[in-house]
Amino acid sequence: MSGTGSTKLALLDRLQPILLIGSIGLGLALASVSAGLGNALAPLVSIGVFALICFVMLGIDLHTVAGAFSNRRFVVIAVGINFVLNPLLAWGLGSLFLRSEPDLFAGFILFLVTPCIGWYLIFTELAGGDTALGVSLLVVNVVLQIILLPVYLWLLVGRSIAIDASTIVTSVIVYLAIPLVLAAATRWAVARFGSDVDRLVEQANLGYVKTMILMAIVVSMFASQADAIFDDGGAVLRLVPPTIGFFAIAFLVAVVVGRAA
C-alpha cells in the first residue's frame, strides 16, 4: 500500500517502537502508584484516538477515497485475509494454546476476528501507506464484522455471544464519520482562502504531535486497564504466546501476499 517503500525512516519513526513500549511501562507504573489516576486517564484513550484519526483524515482528499472503492482486487485480497485467513489462524492458535481455558479461548477469538474500526488508519499513515485505500476498506470491514462476528463465535467457539451492533455503529460515527466531515470541512475552508492543505500539513510537521498523542493513548490505555493485568497475570501470560504467534504469522502472510499481488 505504500508508495514510499524506498524512503529512509526518520529518527522519530525508528524510535517509535521504543517509545511505545516505554509508554506501556509508564502506564502500568502510574496505575501501580495510584489506581484512581489510572481510571482518571481512561477518557484520554477515546479523545486521543479521535484526535489522531482527525489528523489522518486531514491529509486525505475525499476524491481519492471515492476512487479507492473501485480497487476491487485490493478489497478482495483484504477481505480474504481479514475474514477467512485470520479467523482460521486465530482458531488454530487458540486451539493449540487455550483449549483448556474456554473463556480465554472465546476472548482470544473475539479479539482477533474483529478488524479494528479505526486504529489501523493511524498505523497505515505512520507507515507511509495508502490511507485513502484504508478508509475505503474500513466501510467494508465494519459491515462484514457486524454480520459475521456472531457466525464466527458459533462456528469457531461453539458459543452464542450477544453482539451490541449499536456500539459498533456509534464507534464508526465517532471515529470515522465525524473526523471525515471535520477534515473535509477544514480542507474546503483552507482551499477557499487559496491555500494548499497538503502543503500546510507537510510544513506543520505533525509527526511529532501524532507520536506524542499515540504515546498518551498507550499510557492511558494500560493505566486504566492495569487492574485486569495485575489481578490475573497468569491469564495475561497464557495469552502472550498465541497473540505473538498470530501477529507474527499474519504479518508474514501480509508481506508475502502484498508482494505477490
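Me: Where does S224 sit in this model?
Reply: In this predicted model, S224 belongs to helix α11, which covers residues 207-224.

Me: Is S224 buried or exposed?
Reply: Buried. S224 has a relative accessible area of 14%, and anything under 20% counts as buried.

Me: What does the side chain of S224 reach?
Reply: One partner is the backbone oxygen of M221, at 3.0 Å. The backbone oxygen of S220 also lies 2.9 Å from a polar atom of the S224 side chain.

Me: OK, and leaving aside neighbours within four places in sequence, which residues is S224 in contact with?
Reply: With that restriction, S224 is in contact with G38, N39 and A42.

Me: Let's stay with α11. At what angle do α1 and α11 pack?
Reply: About 30°, and their axes are 7 Å apart. Helix α1 is residues 11-33.

Me: So are α1 and α11 roughly parallel or antiparallel?
Reply: Roughly parallel. Angles under 35 degrees get that label, so an angle of about 30° qualifies.

Me: And is the crossing of α1 and α11 left-handed or right-handed?
Reply: The crossing of α1 and α11 is right-handed.

Me: Which residues make that contact?
Reply: From α1 you have L12, Q16, L19, L20, S23, I24, L26, G27, L28, L30 and A31. From α11 you have G207, Y208, T211, L214, M215, V218, V219, F222 and A223.

Me: How do those residues of α1 and α11 divide by class?
Reply: The contact of α1 with α11 has 15 nonpolar and 5 polar residues, with no charged ones.

Me: What about V33, where does that lie?
Reply: V33 lies in helix α1. It counts as exposed, at 72% relative accessibility.

Me: How far apart are V33 and V219?
Reply: In sequence, V33 and V219 are 186 residues apart. In space they are 14 Å apart, going C-alpha to C-alpha.

Me: Back to α11 again. How do α3 and α11 cross?
Reply: Helix α3, residues 43-58, crosses α11 at roughly 155°, and the axes come within 8 Å. That angle makes α3 roughly antiparallel to α11, because the label applies to angles over 145 degrees.

Me: Does α3 pass α11 in a left-handed or right-handed crossing?
Reply: Left-handed. On the α3 side, the contact is made by L44, V45, G48, V49, A51, L52 and F55. On the α11 side, the residues are V209, K210, I213, L214, I217, S220 and M221.

Me: How many of the residues in the contact of α3 with α11 are charged?
Reply: Just 1, alongside 11 nonpolar and 2 polar residues.

Me: You mentioned S220 and M221 earlier, right? What were they doing with S224?
Reply: Right, their backbone oxygens came up with the S224 side chain: 2.9 Å for S220 and 3.0 Å for M221. S220 and M221 also take part in the contact of α11 with α3.

Me: New topic. How do α5 and α6 pack?
Reply: The angle between α5 and α6 is about 160°, and their axes are 10 Å apart. They are therefore roughly antiparallel to each other, and α5 passes α6 in a right-handed crossing.

Me: Which residues touch there?
Reply: On α5, the contact uses A90, W91, L93, G94, S95 and L98. On α6, P102, L104, F105, F108, I109 and L112 take part. By class, that is 10 nonpolar, 2 polar and no charged residues.

Me: What's in the loop between α5 and α6?
Reply: S100 is one of the residues there, between α5 (72-98) and α6 (102-112). S100 is exposed, with a relative accessible area of 64%.

Me: And P87, is that buried or exposed?
Reply: P87 counts as buried, at 3% relative accessibility, and its place is in helix α5.

Me: Skipping neighbours within four places in sequence, what is P87 in contact with?
Reply: I81, N82, V113, Y152 and L156. P87 and V113 are 26 residues apart in sequence, but 5.2 Å apart in space, C-alpha to C-alpha.

Me: Last one: where is A165?
Reply: A165 is in helix α9, residues 165-192. At 31% relative accessibility, A165 counts as partly exposed. A165 and I146 are 19 residues apart in sequence and 6.4 Å apart in space, C-alpha to C-alpha.

Definitions and conventions: Residues numbered from 1 in each chain as written. Predicted model: local features only at pLDDT ≥ 70, side-chain atom pairs only at ≥ 80, totals over all residues. Heavy atoms only, no water. Helix = DSSP H or I, 4+ residues; strand = E, 2+ residues; numbered from the N terminus. Buried < 20%, exposed > 50% of the residue type's maximum accessible area, 1.4 Å probe, protein only. Polar contact = N/O pair within 3.5 Å; in protein donor to acceptor, adjacent residues only side chain to side chain. Contact = heavy atoms within 4.5 Å. Axes fitted to C-alpha atoms, helices over the stretch in contact; angles between N-to-C directions. Parallel < 35°, antiparallel > 145°, perpendicular 65-115°, else oblique. Left-handed = near helix turned anticlockwise from the far one by under 90°. Nonpolar A, V, L, I, M, F, W, Y, C, P; charged D, E, K, R; others polar.
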